[in-house]
Amino acid sequence: MVERVMTRDESIEHLLRRSRRREDDFPIRREFIQSRVENDYGEWITGPGPLSKLLRAPHALELLLLVYAVTTSGDYGVTERSQLWGRAAGIYLSPDQGASMAVSRQWLHLEKLGLIERRQHGQLKRIIKLRERGRIGAFTLPYDTPSGAKGDVYFRVPFSYWRDGWNQRLEMPGKAVLLAAMSRRKETFTLPQDTRGAQTLGLGRHTVARGIEELLSHELLVRAGAAEVVNARTMRGFEWAQTYQLAAPFNLNLSNAERERLGTEQPGLVQQRVGADSQVGQPG
C-alpha cells in the first residue's frame with residue numbers, strides 16, 4: 001500500500017489553521033521593508049530592511065512569512081517537523097531525513113539576520129520570531145505586538161497569498177514589490193524606479209522595475225495615473241511620477257489618515273474597498 005504524503009498546499013493549510021487568527025491575515029512591521037539606520041555622520045536615515053537580504057533566498061522568505069503567520073502569542077514560537085516546513089516552503093517534498101538539512105540551512109540564514117531564534121524542543125526545533133528589523137550590529141529585539149503608532153507602523157498580509165497560489169506564481173521581484181506596496185498603506189502610491197528612490201523601498205531599481213511588471217502582468221497592480229512629487233535634484237524641484245493601486249486581495253492596508261481622506265473625498269469608498277482593514281490595531 002502506498003502511503004500518502006501531505007502536499008505543499010496541505011502543509012501550508014495545516015500551518016495557517018493552527019494560527020487560530022480571528023482574521024485570515026497577519027501583520028508585518030514596515031521596518032522589515034525599510035529600517036532607520038545611522039550613517040557615518042551619526043545621522044538617522046531610511047535604509048533597506050531585512051527583506052533586501054532575502055531577495056536571493058526565496059525559500060527563507062517563504063519560511064519566514066509562514067512563521068509570521070502562524071505565531072500569535074506567548075513566546076511567538078512554533079514547533080513542527082522539518083519535513084512539514086520543507087513541504088510548505090517548497091524546499092523538500094520527500095518525507096525523508098534530507099529535509100532536515102535543507103530546512104536547517106534556511107533557518108540558519110534567518111537566524112544570522114536576527115529574524116528568528118531556534119531553541120531545542122524535545123527532538124525538534126522551536127522557531128521563535130524576533131522583531132522584524134532584524135540584527136542591528138550585535139543586537140536583536142524580542143518580538144512584541146506592533147502598536148501602529150508612529151515609528152511602529154505595520155501592514156497586513158492576507159492568507160490569500162498562499163490560498164490563491166501567489167506564493168508559487170510570483171517570482172522574488174514580484175513578492176518584494178508586493179510587500180513594499182502594501183507597506184505604503186495608501187490607496188494610490190508611487191514606486192520609484194531610480195536608484196535612490198528604489199533604495200527608499202529597500203530594493204534595487206532593477207528589482208523594482210521587474211517586480212512592477214510582474215504584478216501588472218498578474219493584474220495585482222494597476223496603473224492609476226500620474227502625480228507630481230518632490231525631487232529636489234530636478235530644475236524645478238518636482239517631477240511627474242507614475243502612480244499605482246493594489247488590487248484585491250492585497251488592497252487591505254490603508255492608514256487612518258488615508259481612510260479619512262477617502263471618506264471625505266468619496267463617501268462610502270472606504271467601506272467598499274478596505275473593509276478588510278477594519279482589524280488594523282488588533283495585530284494578534
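Buried means that a residue has under 20% relative accessible area. Keep that cut-off in mind as you look through these views of a predicted model.

**Figure 1. The whole chain is built from 11 helices and 10 strands.** The protein chain has 284 residues, and 46% of them count as buried. The chain exposes about 14800 Å², with carbon and sulfur atoms supplying 49% of that area. Look also at how the chain meets itself: among contacts with a separation of 6 or more, 61% join residues that are 24 or more positions apart.

**Figure 2. Helix α7 is mostly covered.** How many of its 13 residues are buried? The count is 12. Starting from Met172, the buried residues of α7 are Met172, Pro173, Gly174, Lys175, Ala176, Val177, Leu178, Leu179, Ala180, Ala181, Met182 and Ser183. The helix covers residues 172-184 and reaches 19 Å from its first C-alpha to its last, close to the 18 Å expected at 1.5 Å a residue. Just after α7 you will find Arg185, with a positive phi of about 60 degrees.

**Figure 3. The largest nonpolar core holds 64 residues.** Which members touch the most other members? They are Phe32, Leu54 and Trp162. Helix α2 (residues 58-70) gives this core its largest share, 10 residues. Now zoom in on Trp162. Leaving aside residues up to four places away in sequence, Trp162 touches Ile12, Leu16, Phe26, Glu62, Leu65, Leu66, Ala69 and Asn167.

**Figure 4. Glu62 and Lys175 form a salt bridge.** Their closest N and O atoms are 2.8 Å apart. Glu62 belongs to helix α2 and Lys175 to helix α7, so this pair ties together parts of the chain that are 113 residues apart in sequence. Are these two residues buried or exposed? Glu62 has 2% relative accessibility, so Glu62 counts as buried. Lys175, at 6%, counts as buried too. You have met both residues already: Glu62 is one of the residues that Trp162 touches, and Lys175 is among the buried residues of α7.

**Figure 5. Asp152 and Arg29 meet through their side chains in a salt bridge.** Side chains of opposite charge can pair when their charged atoms come close. Here the distance from N to O is 2.5 Å. Asp152 sits in the loop between β6 and β7, while Arg29 is in strand β1, so the pair ties together parts that are 123 residues apart in sequence. Both Asp152 and Arg29 are buried.

**Figure 6. Glu132 is found in the loop between β6 (124-129) and β7 (154-158).** Why does Glu132 count as buried? Its relative accessibility is 0%, so Glu132 meets the cut-off for buried. Not counting residues up to four places away in sequence, Glu132 touches Pro27, Ile28, Arg29, Glu31, Phe32, Pro50, Tyr68, Leu115 and Tyr143. Glu132 also belongs to a network of salt bridges with shared partners, which joins Arg29, Glu31, Arg131, Glu132, Asp144 and Asp152.

**Figure 7. Asp24 and Arg163 form one of the 18 salt bridges in the structure.** The closest N and O atoms of this pair are 2.9 Å apart. Asp24 lies in the loop between α1 (8-19) and β1 (25-29), and Arg163 lies in helix α5 (residues 160-163), 139 residues away along the chain. Asp24 has 43% relative accessibility, so Asp24 counts as partly exposed. Arg163 is partly exposed as well, with a relative accessible area of 39%.

**Figure 8. Helix α4 (residues 98-112) has 15 residues.** Its end C-alpha atoms are 22 Å apart, which agrees with the 21 Å that the helix should span at 1.5 Å a residue. Which residues of α4 are buried? They are Ala99, Ala102, Val103, Gln106, Trp107 and Leu110. These residues lie on the same side of α4 because they cover an arc of only 135 degrees around the axis. Their cover includes α2, α3 (82-88), β5 (116-121) and β6. On the face turned away from the buried side, look for the exposed residues Met101, Arg105 and Lys112. After α4 comes Gly114, with a positive phi near 75 degrees.

Methods. Residues numbered from 1 in each chain as written. Predicted model: local features only at pLDDT ≥ 70, side-chain atom pairs only at ≥ 80, totals over all residues. Heavy atoms only, no water. Core = buried A, V, L, I, M, F, W, Y, C linked by side-chain atoms within 4.5 Å. Buried < 20%, exposed > 50% of the residue type's maximum accessible area, 1.4 Å probe, protein only. Helix = DSSP H or I, 4+ residues; strand = E, 2+ residues; numbered from the N terminus. Contact = heavy atoms within 4.5 Å. Areas by Shrake-Rupley, 256 points an atom, 1.4 Å probe, with all protein chains shown as cover. Expected span 1.5 Å × (residues − 1). Salt bridge = Lys/Arg side-chain N within 4 Å of Asp/Glu carboxyl O. Arc of directions from axis to C-beta.
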